[in-house]
Amino acid sequence: MNKTERQFAIMLELQRSKVLRAEDLAAHFETSVRTIYRDMQAISEAGVPILGSPGHGYSLMEGYFLPPVGFTAEEAVALLMGTDMIEQRLDGDYKAAARAARSKIEAILPEPIREASADVRETMQFLHPGGQGENELGQVRGAILERRKIRMRYLKKIPDSDGKRMSDRIVAPYGLVLVQGNWIMIARCELRQEIRHFRLSRMRDVTVLEERFNLPQGFKLSQYRPPDDRNVHVTIQVNPEIADKITETASFYIEASEQMEHGLLVRFRVRQPEELLPYILSWGGDVEVLEPDSFRNRIREEAEKIRKRY
């Protein structure tokens, strides 16, 4: 980054952060404090109203805004593809906002940049089928912003001991995360009395309640990491020819793999063996469950049910 680029970037940082110390700017731009002092002097001499207060830092005079910012073709592509993704992944309000933002960005781009960015965008595309969970997304997003609880019926992936999959829940929604193309709500469940994860596509009869909640002190979605409670091990023997299918469809669960004389040995770590059931069945006769015996028997039972149907 040359001197001119750095000084312009400093102004952008001041406009975004309001007040910054010379030490902070020096660390951010990987330069010396003395260089920042010189930059500030140059920016002031160029007519930009910079306010400086010893011990507090630098700021732009209130009411001052930088002129419109130009974009390179790559920067324009990043912004425009961002609007494409938002239009596909978010609910109605943001779809409209994304379309409006895209039109504004395209309108202010110089023709050569607009044409260059269009060429690059033609080489990349986001595909999202949509459908499941889209109606719930807007409700959940609003509840999160307003700190309101949600009542819903939830279709669990694995049935309870009584065979039921549907359960009634009241939750305090903390945030939304897009995981492998699926929206996941991070929420505290009153039934389980802990933070749980709910896939929006499995939520039914969603109602936003008047009752409000407070986020736990210090909770930040960007820093949240779910506890790893996958304590059950499942070992299978695999035909090496479908090893790629295993890694493509169930990589999250794989703990280790080893090439043996009679095939590939793959070890999984799961919460419940039933999490692997649909994967094992989809791989058919190319895999064999070695342990635990209870899961091996479960696969045998499912295979027998399939045989009887055909």
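Let us begin at N2, where a polar atom of the side chain lies 2.7 Å from the backbone nitrogen of E5. A polar atom of the N2 side chain also lies 3.2 Å from the backbone nitrogen of T4. N2 itself belongs to the segment before helix 1, which covers residues 3-17. With a relative accessible area of 42%, N2 is partly exposed. Please keep in mind throughout that this is a predicted model.

I turn next to R148, which has its place in strand 3, residues 148-155. Is R148 buried or exposed? Its relative accessibility is 13%, so R148 counts as buried, since the limit for that word is under 20%. What does the side chain of R148 meet there? One partner is the side chain of E146, joined to that of R148 by a polar contact of 2.9 Å. In addition, a polar atom of the R148 side chain lies 2.9 Å from the backbone oxygen of E210. Leaving aside residues up to four places away in sequence, R148 touches A143, P173, V208, L209, E210, E211, R212 and F213.

The last residue in that list, F213, brings us to the aromatic rings. A pair of aromatic rings is described by the distance of the centres and the angle of the planes. The count for this model comes to 8 aromatic pairs. In one of them, the ring centres of Y174 and F213 are 6.0 Å apart and the planes meet at 40°, so this pair is tilted. Which parts of the chain does this pair link? Y174 sits in strand 4, while F213 sits in the loop between strand 7 (203-212) and strand 8 (232-238); the two residues are 39 residues apart, and the pair links distant parts of the chain. Y174 is buried, with a relative accessible area of 9%, and F213 is buried with a value of 9%.

A further tilted pair is formed by F219 and Y224, with 5.8 Å from centre to centre and 45° between the planes. Both F219 and Y224 are buried. Elsewhere, ring pairs link F252, Y253, F268, Y279 and W283 into a cluster.

Now to the empty space in the model. Rolling a probe the size of a water molecule over the atoms shows where empty space is left. The largest pocket holds about 1,700 Å³ of space. It is lined by 36 residues, and those closest to its centre are H197, F252, Y253, R271 and E275. Which element gives the most to this lining? Strand 6 does, with 6 residues. At least two residues of the lining come from each of strand 4 (166-179), strand 5 (182-189), strand 6 (194-199) and helix 8 (243-250). By type, the lining of the largest pocket divides into 17 nonpolar, 6 polar and 13 charged residues.

My final residue is I280, found in helix 9, residues 277-283. I280 is buried, with a relative accessible area of 3%. Which residues does I280 touch, if those up to four places away in sequence are not counted? They are I236, V287, V289, F295 and I299. As for I246, the C-alpha atoms of I280 and I246 are separated by 9.3 Å, and the two residues are 34 residues apart along the chain.

Key: Residues numbered from 1 in each chain as written. Predicted model: local features only at pLDDT ≥ 70, side-chain atom pairs only at ≥ 80, totals over all residues. Heavy atoms only, no water. Helix = DSSP H or I, 4+ residues; strand = E, 2+ residues; numbered from the N terminus. Buried < 20%, exposed > 50% of the residue type's maximum accessible area, 1.4 Å probe, protein only. Polar contact = N/O pair within 3.5 Å; in protein donor to acceptor, adjacent residues only side chain to side chain. Contact = heavy atoms within 4.5 Å. 1 Å grid on protein atoms, 1.4 Å probe; cavity = no way out; pocket = protein on both sides within 12 Å on 5 of 7 lines; lining within 4 Å. Points joined across faces, edges and corners; volume = space filled by probe spheres on them. Nonpolar A, V, L, I, M, F, W, Y, C, P; charged D, E, K, R; others polar. Phe/Tyr/Trp six-rings, centres within 6.5 Å; stacked < 30°, edge-to-face > 60°.
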